[in-house]
Amino acid sequence: VAASSVVVERRPCRMATLSRVVAWRSLGGVATRAACRRSFASAAVSFEEEVDAPSSFGAPLGQVSSVTATALPNGVKVVSTGAAASGVVGVALANAGTACGPMGAAFAAKHMAFKSANGQTDLAIQRGLELAGSTIHATATKTSLIAAVACLPESGGEAATAAAATAVGVARSPYIHWEFEETLKQSAAVQADLDALTTARPLMVAIEEAAYAGGPLGRRAATKKAVAAMMSTQVDDFLAAAVATMPITVVGVGFDHADILAYAAKAFASLGPRDAAMPAVASPFVPGGFAAKMTDAAAPGMAVALPVASPAMGGVLAVALGAGGGGADVSYSPSSSLLVAASSTASKADLLAAVTTKLDALTEADLAAAKLKYKVATLSKTGVDLAVALCEDPALLDAAAVDAVTLDACKAALAGIEPAFAVVAPADD
């Protein structure tokens, strides 16, 4: 299911101020970077003495020159894609997504990500980032809360990393009650986002409910009723519990690894140890699960879904199954809840027949072509899209993870499993 996102529009700043900022950047870029590195030396030194040996692999497309990953002593993972003219710092708090905690908690945290914190108003936080040439973003996937700040790597990395860390709850003061109530319960943007949860891709929402009936991966991100009843202290407690022990990933798109490592060392040095290998929230797949949804906004349709072993397997299979013809007009897509789904307006019998035929006909050559196409599409991501993708799955760009998706592995994962099934129809149908 596609993650919903919040993009906060930058307020215009005065031309004189902007001119001074631009001039400062152009004249002092090199000096600023050197000063940044010196200021982080004391904070990073104890971490850098103990960090894991960085691992890296080549990735010659898009905004990726090479991907390097390092774990800080407390388990925080730091990933970089190599220096570039523009950058994004992303921070992902695992097991703090929409499938975790009270229903609606991650949805609320996404919308409150860059609000008042630690004695600064939201205006002061956002204005400071704006003057540094940065823009802010927040999203909540099934399993993670992610904050990202697009910035200039030469001068904005420190502030971007600190802001993204605070946005997901690291060393953050409690939400201000009136601001929480006003944002979550009076904002037109939040209400529109809630509406979109039922009108955008309702078939994928329904198939997840069918596949994971009763499990966290099958529930909706939020409902209007849940948000209306949500208290700010519930979200404070939800984030505090996750920050205390759950894996955290810091991604620097367009950053030298040494730079983003130093920024992360300073922003996350106060955190206790965590196990980076801790499994994400999961739900057992329900073979033959069924869900039916009636909605005013949706055209009729149906979907079947099967579980996959990894995000890479879901992505590669969706590409392979969607290639070429094959009878009924069927669309294939992976979900962040480890499903590969097939949707169509055909009958259930025709849809199942089409999917079965495609699966039976798959060859090693088909899978090899799909893996290449999947790699190209993934490596061609840029900016915030790339940062969010890496936050969600740091191994996404690892060629070995994609190459591990073999025909035998796919058949083993899908063999003998009855698909889940969902149907969506207009309310007056």
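Biologist: Buried or exposed: which word fits Asn 95?

Modeller: This is a predicted model, where local features need pLDDT of at least 70 and side-chain atom pairs count only at pLDDT 80 or more, while totals for chains, interfaces and linings use all residues. Residues are numbered from 1 along each chain as its sequence is written, and side-chain values use heavy atoms, with hydrogens and water left out. For accessibility, buried is under 20% relative accessible area, exposed is over 50%, and partly exposed is in between (1.4 Å probe, protein chains only). Asn 95 has a relative accessible area of 13%, so the word is buried.

Biologist: And between which elements does Asn 95 lie?

Modeller: Its backbone is a bit odd: phi is near 55°, a positive value in a residue other than glycine. Helices (H or I, at least four residues) and strands (E, at least two) are DSSP runs, numbered from the N terminus. On that numbering, Asn 95 sits in the loop between β5 (87-94) and α2 (105-111).

Biologist: What does Asn 118 count as, given its relative accessibility?

Modeller: Asn 118 also has a positive phi near 55° without being a glycine, and lies in the loop between α2 and α3 (122-131). With a relative accessibility of 42%, Asn 118 counts as partly exposed.

Biologist: Which residues is Thr 249 in contact with, leaving aside neighbours within four places in sequence?

Modeller: Thr 249 belongs to strand β8 (residues 248-253), and at 11% relative accessible area it's buried. Contact means heavy atoms within 4.5 Å. With those sequence neighbours left out, the list is Lys 77, Val 79, Gly 90, Val 91, Ala 92, Cys 391 and Pro 394.

Biologist: Within what arc do the buried residues of α16 fall?

Modeller: Helix α16 (residues 407-414) has Leu 407, Cys 410 and Leu 414 buried. They line one face of the helix, because seen down its axis (taking directions from the helix axis to the C-beta atoms) they fall within an arc of 65°.

Biologist: Which elements do the buried residues of α16 pack against?

Modeller: The face turned away from the buried side carries exposed Asp 408 and Ala 412. The buried residues, meanwhile, pack against β10 (301-307), α11 (311-322), α12 (348-361) and α13 (364-379).

Biologist: How many of the seven residues of strand β13 are buried?

Modeller: Strand β13 (residues 420-426) is largely enclosed by the rest of the structure. That verdict rests on its buried count, which is six.

Biologist: Which residue stands opposite Met 302 in β13?

Modeller: Two strands pair if DSSP finds at least two bridges between them. Strand β9 (residues 290-295) runs parallel to β13 over six bridges, with Met 294 opposite Ala 425. β10 pairs with β13 in the antiparallel sense over five bridges, and there Met 302 faces Val 423.

Biologist: What is α5 to α6: oblique or roughly parallel?

Modeller: Axes are lines fitted to C-alpha atoms, for helices over the stretch in contact, and angles run from 0 to 180 degrees between N-to-C directions. Angles under 35 degrees count as roughly parallel, over 145 as roughly antiparallel, 65 to 115 as roughly perpendicular and the rest as oblique. Helices α5 (residues 177-186) and α6 (residues 188-199) pack at about 45°, with axes 5 Å apart. That makes α5, relative to α6, oblique.

Biologist: What share of the chain's residues count as buried?

Modeller: The chain has 16 helices and 13 strands. Among contacts between residues at least 6 apart in sequence, 80% join residues at least 24 apart. Of the 429 residues, the buried share is 50%.
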